[in-house]
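Visitor: Could you pick one loop and give me a close look at it? After that, please lead me on from there through the rest of the fold.

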Amino acid sequence: MRDARRVTARAGGGAEESRATVLVALAINLLIALAKAGAAVITGSSALAAEAAHSVADSGNEALLLVALRRSSRPADDTHPFGYGAERFYWSLLAAIGIFVAGGVVGIYEGIRHLQEPEPLVRPLIGYGVLAVSLVLEATSWSTAFRQLRGESRGRGLPLGVYLRRSTDPTAPTVLYEDTAAVIGIVLAVAGVALHQLTGSGVPDALASIAIGVLLVFVAVRLASRERELLTNQSAPPGVVAAIRERLAHADGVRSVPRLEVLVIGPRTLLVTGEVVVDGSDVSVLLARLRDQLRSEPGIAEVYLSPVPVPDPRSLDRGDG
């Protein structure tokens, strides 16, 4: 229990940085959502309506991420001996579903509705102005998440793309994916409004809305897939498993490591179980030393090792005969 609490405390720094990233994104998206909604009502633009729904969805998702950060930071107790870190995966999954429903489905619906019942474009300059300000604000939020993730990936010696696929803390990656989709969505909305203004037809505007919806569905599915992996006892990255195996295999008194599992049980938190072939009489002392050494590493909540005796060559010979 004490070791699980120690890991929770160590993860606190990362959680604080993630909280700051989410708060910046939440404040920005609330302002953008109000501006886009007002502009959509004034201009009659389908793409702006889809973007307003997008920003509302992002705001709700950031609120869910804040809940995830608060609940996952609770210390270990008798009912959760390894802490509540996995709660962050659950709430992040809900955020991905929110992107799918409130952003993707609404955007596609708005586009189809405007294809069937097109509306004239009014005061397009208001739409351009809101989208321009939104782009600046979204870029600010994106850069905050990008800086955090770039620093974390460099600290682990991994390219950013690889780190995004392997990160066990979904908070900042969710914000980055949301903001990336937001920037692309704004570009699509500008194109839709411009073509609506130039051609006098609402079709390009409606198609831009549908494209924004499809983009958000893609992002939601991508995020939900990652959360599903983390919620189903995914193994740690191969490099982490290999490093732990090598450390055990090279320890004094250890012949080999026939079995080793390293499971993700929370953001930056791992559970190690395995078997080691040992020789010598002080097996319990050796295993205690190995456990203490691994548990001193950041992010390892607990270690369970089972001893396997060195096979007797004579018994092997008798078996072959």
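Guide: Happily! Let us begin at Arg123, which counts as exposed at 54% relative accessibility; here exposed means over 50% relative accessible area, buried means under 20%, and partly exposed lies in between, using a 1.4 Å probe and protein chains only. Please keep in mind that this is a predicted model, in which local features need pLDDT of at least 70 and side-chain atom pairs count only at pLDDT 80 or more, while totals for chains, interfaces and linings use all residues. Residues are numbered from 1 along each chain as its sequence is written, and side-chain values use heavy atoms, with hydrogens and water left out.

Arg123 sits in the loop between helix 4 and helix 5. Helices (H or I, at least four residues) and strands (E, at least two) are DSSP runs, numbered from the N terminus. The backbone of Arg123 has a positive phi of about 45°, although Arg123 is not a glycine. As background, most residues other than glycine have a negative phi.

Now step back from the loop into helix 4. Helix 4 (residues 87–116) and helix 3 (residues 46–72) have axes that come within 8 Å and cross at roughly 170°; axes are lines fitted to C-alpha atoms, for helices over the stretch in contact, and angles run from 0 to 180 degrees between N-to-C directions. That makes helix 3 roughly antiparallel to helix 4, since angles over 145 degrees count as roughly antiparallel, those under 35 as roughly parallel, 65 to 115 as roughly perpendicular and the rest as oblique. The contact of helix 3 with helix 4 has 15 nonpolar, 10 polar and 4 charged residues. In this scheme Ala, Val, Leu, Ile, Met, Phe, Trp, Tyr, Cys and Pro are nonpolar, Asp, Glu, Lys and Arg are charged, and the others, Gly among them, are polar.

Helix 3 also holds Ser55, which is buried with a relative accessible area of 0%. Leaving aside neighbours within four places in sequence, Ser55 is in contact (heavy atoms within 4.5 Å) with Asn29, Ile32, Ala33, Lys36 and Glu138. The C-alpha atoms of Ser55 and Leu26 are 9.5 Å apart, and the two residues are 29 residues apart along the chain.

Next come the aromatic rings. The whole structure has 2 aromatic pairs, where rings of Phe, Tyr and Trp (its six-membered ring) pair if their centres lie within 6.5 Å; planes under 30 degrees apart count as stacked, over 60 as edge-to-face and the rest as tilted. Tyr90 and Trp91 have ring centres 5.4 Å apart and planes at 80°, so this pair is edge-to-face. Tyr90 is partly exposed at 41% relative accessible area, whereas Trp91 is buried at 17%. Trp142 and Phe146 have ring centres 4.9 Å apart and planes at 10°, so their pair is stacked. Both Trp142 and Phe146 lie in helix 5 (residues 124–155), 4 residues apart, about one turn of the helix. Trp142 is partly exposed at 29% relative accessible area, and Phe146 is partly exposed too, at 22% relative accessibility.

Let us finish at the sheet. An open sheet of 3 strands has the order 1-2-3 and mixed pairing, where two strands pair if DSSP finds at least two bridges between them. Strand 1 (254–266) and strand 3 (300–309) are the edge strands, each pairing on one side only. Neighbouring strands of this sheet are turned by 15° against each other on average, direction ignored.

Strand 1 and strand 2 pair in the antiparallel sense over 9 bridges and form a hairpin with 2 residues between them. Arg268, in the turn of this hairpin, has a positive phi of about 55°. On the other pairing, strand 2 (residues 269–278) and strand 3 run in the parallel sense over 9 bridges.

Leu270 is a handy landmark in strand 2: Leu270 is the bridge partner of Val264 and also stands opposite Ile300 in strand 3. Helix 10 (residues 283–295) packs on the sheet, touching strand 1, strand 2 and strand 3, with a direction at about 155° to that of strand 3. Further along, Gly274 stands opposite Leu305 in strand 3. Strand 2 is mostly covered, with 8 of its 10 residues buried.
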